[in-house]
Amino acid sequence: MLARRETSGMMRQQEDKPLLQRYLEQLRQAGRRALIAFLPAGDPDLPATRQLLEVLQRSGADVIEIGFPYSDPIADGPLIQAAYTRALRQGVRADDIFRLVRDWRGERATSSATRAAVQRLTDSVAESDTSSASAAPLLVAMCSYSLVFRRGEEEFVRSCVAAGFSGLIVPDLPVEEAAGLATRCRQAGLALIQLITPTTPPHRARRIVELSSGFVYCVSVTGITGLRDRLPQQLQDRLTWLRSITDLPLCVGFGVSRPEHARWLREFADGIIVGSAIVSRLAEAESRPLPDVFASVATFMTQLRSALDHAKPD
């Protein structure tokens with residue numbers, strides 16, 4: 001009887017977690033590191049964004065972050081700033097992105113429908129070859145809090161869930177002011193991912209992981225997004241300390257742009273987040289045919305997937 005109650009309690013705890021978190025934990029248990037791709041919506045245009053979702057899915061992405069264009073940079077380097085500027089010039093707005101995601105999902109998703117779909121996905125990860133995990137990447141919205149505030153927290157969360165998003169990242173929302181949004185996200189089953197940087201003091205990092213769900217976005221460097229030749233060696237110690245204070249999946253972003261970065265990080269991170277290296281290839285759409293750009297993105301993503309899945313050869 002006691003064992004039955006303990007099993008029931010564990011199942012309830014698992015069900016209480018956002019779907020994104022459950023999925024990433026299943027990947028971790030299966031020995032697969034998550035490949036998370038960042039895609040600025042509307043660059044070079046919305047039809048291309050929809051096609052790129054397919055490209056990223058086929059190339060092994062487990063999760064895709066979709067950036068909502070915004071005029072004021074939030075730790076964005078020049079590559080992502082330029083991508084957002086190109087999208088805004090075309091008049092891309094939040095409703096356009098919600099519609100694109102909803103259409104790509106092929107249905108007007110509800111939280112229950114999403115829950116069932118992700119349950120099937122996590123079951124397949126747990127019970128079969130991990131290569132099946134990339135069959136249906138989960139989507140995360142990334143945007144400025146000003147967009148959330150303008151629509152209203154409750155309505156923005158509702159729009160995310162209805163469109164088919166499984167998580168939300170709001171980089172300019174400080175943890176001291178995030179409790180309300182965290183509650184609304186938790187009630188809707190939407191993960192609220194928050195960032196921890198190299199300069200985040202320990203007491204604040206503890207507060208951030210307490211309010212976070214889905215995964216912890218571990219910023220690798222001090223500064224803005226962009227391509228990097230190397231990642232700081234002290235990042236490993238930082239991740240080891242974070243692991244000591246939270247069981248949430250730890251995913252590293254900012255500067256992750258090479259297969260060797262992925263190969264190094266696979267030893268102590270649960271996933272990598274790649275943005276600027278993808279966006280730099282999208283910028284070539286101004287001078288190259290789109291099929292060539294898509295092929296370049298696919299090749300790069302496949303290289304990262306391979307580096308995450310295989311240890312460095314002796």
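**Figure 1. Strand β1 pairs with strand β8 in the predicted model.** β1, which spans residues 34–40, runs parallel to β8, and four bridges join the two strands. Within this pairing, Ile 36 of the neighbouring strand has Ile 273 in β8 as its bridge partner. β8 itself covers residues 271–274.

**Figure 2. Strand β7 also pairs with β8.** β7 is formed by residues 250–253 and is parallel to β8, with two bridges between them. One bridge can be followed at residue level: Cys 251 is matched with Gly 271 in β8. The path from β7 to β8 includes helix α12, residues 259–265, and these three elements make a right-handed β-α-β unit.

**Figure 3. Strand β8 is covered on both faces.** In a regular strand, side chains alternate between the two faces of the sheet. Gly 271 and Ile 273 lie on one side of β8, while Ile 272 and Val 274 lie on the other. These four residues are all buried.

**Figure 4. Phe 165 and Leu 168 have the most contacts inside the largest nonpolar core.** This core has 72 residues, and helix α14 gives the most to it, with eight residues. Nonpolar side chains tend to be buried together in soluble globular proteins. Beyond its neighbours within four places in sequence, Phe 165 is in contact with several residues, including Ile 66, Phe 68, Ile 97, Phe 98 and Val 101. Leu 139, Val 140, Ala 141, Cys 160 and Leu 190 are also among the contacts of Phe 165.

**Figure 5. A second core is separate from the largest one.** The second core has 26 residues, among them Leu 138, Met 142, Ala 191 and Tyr 217. For the protein as a whole, buried residues make up 50% of the 314 residues.

**Figure 6. Glu 155 and Arg 158 form a salt bridge within helix α8.** The N to O distance is 2.4 Å. The helix spans residues 153–163, and the two partners are three residues apart, about one turn of the helix. Glu 155 counts as partly exposed because its relative accessibility is 33%. Arg 158, at 44% relative accessibility, is likewise classed as partly exposed.

**Figure 7. Arg 288 forms a salt bridge with Glu 284.** The closest N and O atoms are 2.6 Å apart. Side chains of opposite charge can pair when their charged atoms come close. Arg 288 has a relative accessibility of 32%, so this residue counts as partly exposed. Glu 284 is partly exposed as well, with a relative accessible area of 28%.

**Figure 8. Asp 309 and Arg 305 meet in a salt bridge in helix α14.** The N to O distance between their side chains is 2.9 Å. Both residues lie in α14, residues 290–309, four residues apart, about one turn of the helix. Asp 309 is partly exposed, with a relative accessible area of 34%, whereas Arg 305 is buried at 8%. Shared salt-bridge partners join Arg 32, Asp 62, Arg 305 and Asp 309 into one network. The count for the protein comes to 17 salt bridges.

**Figure 9. The whole protein contains 14 helices and eight strands.** Of the contacts between residues at least 6 apart in sequence, 74% join residues at least 24 apart. The accessible surface comes to about 14300 Å², and carbon and sulfur atoms account for 49% of that area.

Technical notes: Residues numbered from 1 in each chain as written. Predicted model: local features only at pLDDT ≥ 70, side-chain atom pairs only at ≥ 80, totals over all residues. Heavy atoms only, no water. Salt bridge = Lys/Arg side-chain N within 4 Å of Asp/Glu carboxyl O. Buried < 20%, exposed > 50% of the residue type's maximum accessible area, 1.4 Å probe, protein only. Contact = heavy atoms within 4.5 Å. Areas by Shrake-Rupley, 256 points an atom, 1.4 Å probe, with all protein chains shown as cover. Core = buried A, V, L, I, M, F, W, Y, C linked by side-chain atoms within 4.5 Å. Pairing = 2+ DSSP bridges. Right-handed = clockwise from strand over helix to strand, strands pointing away.
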